[in-house]
Amino acid sequence: MAKDWNTLHTLPQSEALINEVKGNLFEYLVAFELSRLLGLSSSFIRTFSKIGGGRAQEDLRHYQEWLRENDVDLFNQLPSLARTTSEQLFAKLPALREGKFHNLMVTGKSGAVSGQNSLKECDILIEGEEETIPLSIKFSKRGAYVNTKSGGIRSFLEKYFASFSEATQYQEELNAFLEQSFIQMAQELYAWADIDANHLMGHSGHFSPQWSEANLPELPGLLEERPRKSLFEHYYRVIDKLHFFICEFEKRDRERFLSALAPLMGLSDERLIQVTLYHKNRHHFDSLEIERGEDLLKAREDLFFHPLKKEVSSFSLGLKDKTLQIRVKPMNKFTVSALKVNCSVKTERSN
């Protein structure tokens with residue numbers, strides 16, 4: 001696993017840690033249940049135990065112990081939810097019942113699928129004689145947004161809208177605007193803290209040492225109301241600019257724009273099958289949603305932008321029964337100009 005267990009314990013919010021833990025455990029449990037249904041459980045367990053020289057298995061044990069101590073209800077429900085997910089998936093995908101498979105692996109624990117960057121969102125790969133089935137596994141509360149993609153803002157447009165010739169120019173303009181807005185915010189916070197703003201000079205992209213030496217906060221949640229207002233005004237300015245450029249891409253080529261949205265919605269490859277389990281009432285099963293990358297391209301006529309709201313650090317696009325939310329957030333500390341763009345999807349339901 002890419003993240004060290006000790007690092008997980010330093011995460012500022014326990015909710016983020018629980019999401020990390022439950023995602024890894026659920027992914028493994030679904031893989032195990034599918035391997036059982038396909039008659040591959042012995043080879044799956046044997047292969048998993050060798051990943052990272054046994055590191056994946058050790059981390060899995062740590063996740064189980066932590067979750068048992070911190071959320072016993074979720075710990076008890078996960079196996080049942082994973083079993084239901086695999087059984088419904090098996091029933092709804094004829095290819096699983098009809099194909100002959102010889103290998104099933106948790107790719108999220110062993111690295112991206114070799115030589116196939118478009119399948120890097122794959123969590124479980126089922127290999128057969130005639131067909132390979134890549135699965136992306138999600139676990140979410142009913143009605144909530146499901147995280148699908150996160151990337152640094154300084155390369156976001158160039159990376160995900162590379163098919164547009166304007167991508168490089170827009171990225172450069174966005175980066176320049178980001179730096180300008182960051183400096184404006186930093187100057188306002190320096191004035192609030194009564195620190196000479198000249199200290200900012202020569203520290204492009206981050207606050208000067210004087211800020212931390214004065215024991216001033218570097219996490220957004222620790223700021224007082226007045227400086228927090230300046231910080232969030234910075235986020236609002238940046239999301240407004242990002243929204244402008246993304247709208248420009250859509251105006252130039254709607255078809256190409258829709259293809260660019262697919263990775264942001266967690267569907268980089270048409271072959272990928274995205275499986276989302278929705279739960280309710282303290283982690284009881286609600287429903288299972290299965291989406292394919294190819295389905296997204298069929299919904300091109302339903303694409304629209306929701307109105308941009310004032311004083312909100314995100315905007316949304318609608319696509320059939322989906323809402324794609326694009327939000328700017330600090331990487332961690334607000335004292336550096338780098339921001340991340342977080343993408344998440346919610347399925348709109350009538351009941």
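A residue counts as buried when its relative accessible area is under 20%, as exposed when that area is over 50%, and as partly exposed in between. The model described here is predicted.

**Salt bridges**

Asp253 has a relative accessible area of 22%, so this residue is partly exposed. Its salt-bridge partner is Arg256, and the closest N and O atoms of the pair are 3.1 Å apart. Arg256, with a relative accessibility of 31%, is likewise classed as partly exposed.

Glu250 and Arg254 also form a salt bridge, with an N to O distance of 2.6 Å. Here Glu250 is buried, at 15% relative accessibility, while Arg254 is partly exposed, at 32%.

A further bridge joins Arg36 to Glu33, with 2.8 Å between the closest N and O atoms. Both residues lie in helix 2 (residues 14-37); because they are 3 residues apart, about one helical turn separates them. An α-helix has 3.6 residues a turn, so residues three or four places apart point the same way. Glu33 is buried, with a relative accessibility of 8%, whereas Arg36 is partly exposed at 38%. The pair belongs to a network of salt bridges that links Glu33, Arg36 and Arg83. In total, the model has 17 salt bridges.

The three bridges described above are set out below.

| Salt bridge | N to O distance |
|---|---|
| Arg36 and Glu33 | 2.8 Å |
| Glu250 and Arg254 | 2.6 Å |
| Arg256 and Asp253 | 3.1 Å |

**Helix 8**

Helix 8 covers residues 167-193, which is 27 residues; at 1.5 Å a residue its expected span is 39 Å, and the 38 Å between its end C-alpha atoms agrees with this. Its buried residues include Ala167, Tyr170, Gln171, Leu174 and Leu178 in one part of the list. Also buried are Glu179, Ser181, Phe182, Met185, Ala186, Leu189 and Tyr190. The buried residues pack against three other helices, namely helix 7 (153-160), helix 9 (209-213) and helix 10 (225-252), and against strand 10 (339-347). Just after helix 8 comes Asp194, which has a positive phi of about 60 degrees.

**Helix 7 and helix 10**

Two of the helices that pack against the buried residues of helix 8, helix 7 and helix 10, also pack against each other. Their axes are 12 Å apart and make an angle of about 10 degrees. Angles under 35 degrees count as roughly parallel, and helix 7 is therefore roughly parallel to helix 10. On the helix 7 side, the contact is made by Ile153, Phe156 and Leu157. Helix 10 contributes Val238, Leu242, Phe245, Ile246 and Phe249. The residues of this contact comprise 8 nonpolar, no polar and no charged.

**Thr85**

Thr85 is located in helix 5 (residues 72-92). With a relative accessibility of 1%, Thr85 is buried. Apart from neighbours within four places in sequence, Thr85 is in contact with Phe26, Val30, Val275, Leu277 and Leu288. Thr85 and Phe285 are 200 residues apart along the chain, and their C-alpha atoms are separated by 9.0 Å.

Technical notes. Residues are numbered from 1 along each chain as its sequence is written. This is a predicted model: local features need pLDDT of at least 70, side-chain atom pairs count only at pLDDT 80 or more; totals for chains, interfaces and linings use all residues. Side-chain values use heavy atoms; hydrogens and water are left out. Helices (H or I, at least four residues) and strands (E, at least two) are DSSP runs, numbered from the N terminus. The expected span of a helix is 1.5 Å times one less than its number of residues. Buried means under 20% relative accessible area, exposed over 50%, partly exposed in between (1.4 Å probe, protein chains only). Contact means heavy atoms within 4.5 Å. A salt bridge is a side-chain nitrogen of Lys or Arg within 4 Å of a carboxyl oxygen of Asp or Glu. Axes are lines fitted to C-alpha atoms, for helices over the stretch in contact, and angles run from 0 to 180 degrees between N-to-C directions. Angles under 35 degrees count as roughly parallel, over 145 as roughly antiparallel, 65 to 115 as roughly perpendicular and the rest as oblique. Ala, Val, Leu, Ile, Met, Phe, Trp, Tyr, Cys and Pro count as nonpolar, Asp, Glu, Lys and Arg as charged, and the others, Gly among them, as polar.
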